[in-house]
Each structure stands twice: as C-alpha cells, then as structure tokens.
Amino acid sequence: MSALTEAFETRRQEIDAYLDFLAALDQQIQEGVPRLGKVTVTAQQQKILYSAVYLHLYNLIEATVTRCVDAVSAVAALRWYPRDLSAHLRREWVRAAARTHVGMDYEKRLESALELCDVLVRALPVPSWEIEKGSANWDDRQIESISSRIGLNLRISAAVLEGVKRPFRDDRGPLGLVKCLRNDLAHGSLSFTECGEGATVENLKDLAQRTVHYLREVVAAFQTYIEGHEFLVPEKRPRTETPP
C-alpha cells in the first residue's frame with residue numbers, strides 16, 4: 001500500500017467510526033430515549049452530531065488533495081532539472097519560484113526572479129517547492145482543475161463519476177454540498193443545529209460513500225501519475241522493462 005493510499009484509508013476509517021457511532025445512537029432512538037451514560041441525548045444534540053459529518057468529510061477531501069498535490073512537487077524536486085519537467089509541471093514550478101501569484105513589492109519580486117535565474121544559470125536540480133493550491137475550497141471541480149494544471153488526466157470510473165456528479169441535495173453533488181455546508185458553518189451563516197436538520201444516518205452514509213469512492217480513485221490516479229513519471233517530459237521517463 002502506497003503512502004498516499006495509507007494516509008487516505010486512515011482518515012477514511014475515522015469517518016467510518018463516527019458513522020458507526022451515529023448508527024448506534026440512531027438505533028437507541030428507535031428503541032426509546034437515547035442515553036450516553038446518564039445523559040439523555042436531545043433532538044438538538046443529535047442534529048449537531050449529524051452536522052459534524054460534513055466537517056469530517058471536508059477534512060478528508062482537503063487532506064487527500066493536499067497530500068496528492070504535495071507528493072507531486074516532492075517527487076519532482078532535488079533529482080530532476082527544470083528541463084526534465086513536463087510543460088504543465090514546469091509552468092507550475094515557475095509560478096511557485098517566481099511567485100507570480102503573490103502580490104509583493106519590486107524588491108521581493110526581483111529577489112524571487114534572481115533565485116529562479118540562479119537555478120537556470122547554474123543548471124541546478126529543481127529545489128524543494130510546493131505547487132500553488134491557492135485558496136481553493138475543494139470539491140470535484142477544483143480537483144479536476146488542479147489535476148489538469150499539472151497534466152494529470154483524471155480518469156474516474158463511470159459509476160463513481162455518476163455518483164459524484166449527480167445532485168445529492170440542493171442541486172449540488174456530494175463534494176459540492178460538503179464544501180458549501182463546511183463554509184457556511186465556518187463563516188457562521190449556518191448553525192450546527194440547522195446544518196443537521198433533515199439529515200439521517202442513511203443519507204449521511206450515502207454521502208460519505210460517494211465521496212470516499214471518488215477520492216479513492218483520485219488517489220489512485222495521482223499514484224499512477226507519479227509512478228509513471230508523467231510529471232516528466234516523455235524522453236526522461238524511466239523505461240519499464242517488459243517481462244519476457
């Protein structure tokens with residue numbers, strides 16, 4: 001199991017554990033008044049607990065994308081030269097090295113340009129760097145966008161893609177809904193009680209399943225991209241020996 005897959009599955013298990021807890025609580029509700037020890041769980045508290053699922057899922061989404069993207073810049077650094085990088089990834093390296101996306105004064109911009117120039121003039125390997133992720137709130141569209149930026153052809157199976165593109169609630173797909181509710185909670189425009197209104201354990205499990213299936217294939221796509229050295233120009237990619 002790759003490091004990316006292992007990290008993803010560890011986070012995913014946290015969500016499974018939380019949903020199992022909610023399912024056990026829901027079973028108690030169906031059998032009578034739910035209690036945790038001597039504490040009676042109210043309807044409001046139940047909604048608050050349900051709303052936390054959206055935070056768990058967004059945490060999984062952002063952690064997964066961040067690890068995948070950072071893994072690409074990490075593997076492209078220290079060993080490979082700017083000329084070795086694919087056109088897509090070289091563009092991202094220049095963006096990060098020259099800090100073209102950052103507002104700064106003339107002196108700092110000159111300093112960044114000189115550092116970039118030094119790497120090129122001295123023919124140094126690409127130093128440690130990070131692909132610029134911006135302030136994106138991650139959903140499937142943003143994941144597709146950054147994949148395209150680095151030249152990764154994000155192939156998602158038809159069934160999983162249909163599940164993530166089909167509206168789940170409020171005309172939003174699963175990741176779009178999670179992003180929206182997480183932002184509403186973070187900015188205080190929605191209370192936790194309001195967020196959990198109308199949710200059930202079953203539809204939360206469905207939401208989690210669609211999200212997890214999609215992210216698992218995203219991780220696999222990034223792993224294939226890295227292992228196939230697709231971040232390099234074709235002539236620099238190590239050849240795989242064909243078995244006799």
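1. Let's start with K236, which is partly exposed in this predicted model, at a relative accessible area of 38%. Its salt-bridge partner is D84, with N to O at 3.8 Å. D84 sits in the loop between α2 (43-76) and α3 (87-98), while K236 belongs to the segment after α9 (201-227), so the bridge ties together parts that are 152 residues apart in sequence. Unlike K236, the acid is tucked away: D84 is buried, with a relative accessible area of 3%.

2. What about the other salt bridges? The structure holds 16 of them. One is E144 with K165, where the closest N and O atoms are 2.8 Å apart. That pair also links distant parts of the chain, with E144 in helix α5 (residues 140-149) and K165 in helix α6 (residues 158-165), 21 residues apart. Both ends are partly exposed: E144 has 30% relative accessibility, and K165 has 37%.

3. E162 and R166 make another bridge, at 2.7 Å from N to O. Here too the partners are partly exposed, with E162 at 42% relative accessibility and R166 at 37%. Then there is a network to look at: E9, R12, D16 and R216 are joined into one by salt bridges that share partners.

4. While you have helix α1 on screen, find E6, which has its place there. E6 counts as partly exposed, at 45% relative accessibility. R210 is 204 residues away from E6 along the chain, and the C-alpha atoms of these two are separated by 19 Å.

5. On to the rings: how many aromatic pairs are there? The count comes to two. Y18 and F21 form a tilted pair, 6.1 Å centre to centre with 45 degrees between the planes. These two are three residues apart in helix α1 (residues 3-31), so about one helical turn separates them. Y18 counts as buried, at 17% relative accessibility, whereas F21 counts as partly exposed, at 31%.

6. Now Y225 and F231. Their ring centres are 6.5 Å apart and the planes stand at 50 degrees, so this pair is tilted. Are these residues buried or exposed? Y225 is buried, and F231 is too.

7. F21 comes up again on the surface. Together with L36 and V39, F21 makes a nonpolar patch of about 250 Å². V39 has its place in strand β2 (residues 39-40).

8. There is a charged patch as well. D105, E107, E111 and E115 form a negative one on the surface. Which helix should you look at for E107? E107 is found in α4 (residues 106-121). With a relative accessible area of 60%, E107 is exposed, because the cut-off for that class is over 50%.

9. Finally, the overall picture. The secondary structure comes to nine helices and two strands, and the order along the sequence is α-β-β-α-α-α-α-α-α-α-α. Taken along the principal axes, the C-alpha atoms fill a box of roughly 75 × 60 × 35 Å. The chain has 244 residues, and 40% of them count as buried; D84 is one of the buried residues.

Terms used: Residues numbered from 1 in each chain as written. Predicted model: local features only at pLDDT ≥ 70, side-chain atom pairs only at ≥ 80, totals over all residues. Heavy atoms only, no water. Patch = residues over 30% accessible without salt bridge, like charges linked within 9 Å, V, L, I, M, F, W, Y side chains within 5 Å. Areas by Shrake-Rupley, 256 points an atom, 1.4 Å probe, with all protein chains shown as cover. Salt bridge = Lys/Arg side-chain N within 4 Å of Asp/Glu carboxyl O. Lys, Arg positive; Asp, Glu negative; His and termini not counted. Charge placed at Lys NZ, Arg CZ, Asp CG, Glu CD. Helix = DSSP H or I, 4+ residues; strand = E, 2+ residues; numbered from the N terminus. Buried < 20%, exposed > 50% of the residue type's maximum accessible area, 1.4 Å probe, protein only. Phe/Tyr/Trp six-rings, centres within 6.5 Å; stacked < 30°, edge-to-face > 60°.
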